[in-house]
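Please walk me through this structure, beginning with one of its strand pairs and working outward to the sheets, the helices and the core.

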Amino acid sequence: MIILTTIFFGNFSKKYATAKNPKDDAKFYTVTGGDKVGLDVKYINAFKGRGIFTCAPFEKGEFLLECRGELISKQECERRQRIYHDCLKVFMFEFHFNGKLWCVDAAKEDGSLGRLVNDDNLNPNAKMKYVTIQGKPHLCLLAARDISQGEEITYNYVKEQIVMFVPQMSSCLQYPTR
Ligand SMILES: C[S@@+](CC[C@H](N)C(=O)[O-])C[C@H]1O[C@@H](n2cnc3c(N)ncnc32)[C@H](O)[C@@H]1O
């Protein structure tokens, strides 16, 4: 089993690790569950909390990140929203896909970067694409333009129709983690 897994991911990594094709990159990072080299988390301030910054340039159209978490139904999302602390609800990404409301619950601090990307409604440099892998939607961020080293990655939460509870981050400085 271990050998089979190594062979599968070994070949998969070789095939996709250097791919710039966004669909291939999205497949690679959603299946393997990692984040791209060239992106890092930084604390910004008490108002915005943390954000994701580039430490390498990215080209327009390139796959950047997956907003990764547990894909749950509308009903399960509503149930969790009744029991979660407000500061965990900011990591519940509700979206429409194939005529249904879904939710990616990214409340768990799993070290992934996509859950920490902030909103910019004026000049975002990333856009959301739903990528279907094995029949399930994944929330992937692509570069909306060329992005320089040191820029914060942002997307427009409203335009991308991601519904999210938004408290002031300053009230979440000591927030509980799942
Ligand atoms: C998915 S989280 C993003 C990561 C968050 N900054 C953190 O440190 O955990 C979404 C929350 O971040 C904050 N946020 C995102 N974009 C913001 C912005 N442009 N200005 C202020 N706060 C923002 C809001 O509190 C929002 O509910």
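**From a hairpin to the core**

In this predicted model, strand E5, covering residues 92-97, pairs with strand E6, covering residues 100-105, in the antiparallel sense, and six bridges hold the register between them. Within this pairing, Glu94 stands opposite Cys103 in E6, and Phe95 has Trp102 of E6 as its bridge partner. The two strands form a hairpin with two residues between them, and in that turn Asn98 has a positive phi of about 50 degrees.

The hairpin belongs to an open sheet of three strands, whose order is E4-E6-E5 and whose pairing is antiparallel. Strand E4 (70-73) and E5 each have a single partner strand and stand at the edges, so one side of each is left without a neighbour in the sheet. From one strand to the next the twist averages 30 degrees. Helix H3, residues 74-83, packs on this sheet and touches E4, E5 and E6, with its direction making about 100 degrees with that of E4.

Another open sheet of three strands has the order E3-E9-E8, again with antiparallel pairing. Here the edges are taken by strand E3 (63-66) and strand E8 (126-133), each with a single partner strand, so one side of each is left without a neighbour in the sheet. The twist in this sheet averages 35 degrees from one strand to the next. E8 and strand E9, which spans residues 136-143, run antiparallel and are joined by eight bridges; one of the paired positions is Lys127, whose bridge partner in E9 is Leu142. As a general point for reading such pairings, side chains in a regular strand alternate between the two faces of the sheet.

With these two sheets in view, the overall plan can be followed along the chain. The protein has four helices and ten strands, and from the N terminus on its elements run α-α-β-β-β-β-α-α-β-β-β-β-β-β. Among contacts between residues at least 6 apart in sequence, 72% join residues at least 24 apart. An unreviewed UniProt entry places the feature "domain: SET" at residues 37-158; in the model this span is 11% helix and 43% strand, and its end C-alpha atoms lie 28 Å apart.

What is buried, and which residues make up the core? Of the 178 residues of the protein, 26% count as buried, and those in helix H2 (residues 22-32) include Asp25, Ala26, Lys27, Phe28 and Tyr29. H2 is followed by Gly33, which has a positive phi near 80 degrees. In soluble globular proteins, nonpolar side chains tend to be buried together. The largest nonpolar core here has 33 residues, of which Leu64, Cys67 and Leu141 touch the most other members. Two or more residues are given to this core by each of H2, E3, helix H4 (86-89), E5, E6, E8 and E9, and the largest share, five residues, comes from E9.

Leu64 offers a way to look at this core from one position. Leaving aside residues up to four places away in sequence, Leu64 touches Lys36, Leu39, Phe58, Ala126, Leu141, Leu142, Ala143 and Ile153. Among these neighbours is Leu142, the residue already met as the bridge partner of Lys127, and also Leu141, which is itself one of the core residues that touch the most other members.

Conventions. Residues numbered from 1 in each chain as written. Predicted model: local features only at pLDDT ≥ 70, side-chain atom pairs only at ≥ 80, totals over all residues. Buried ≥ 20, exposed ≤ 12 C-beta atoms within 10 Å, placed from the backbone. Contact = placed C-beta atoms within 7 Å. Pairing = 2+ DSSP bridges. Axes fitted to C-alpha atoms, helices over the stretch in contact; angles between N-to-C directions. UniProt positions renumbered as here; feature names shortened; annotations may be inferred. Core = buried A, V, L, I, M, F, W, Y, C linked by C-beta atoms within 7 Å.
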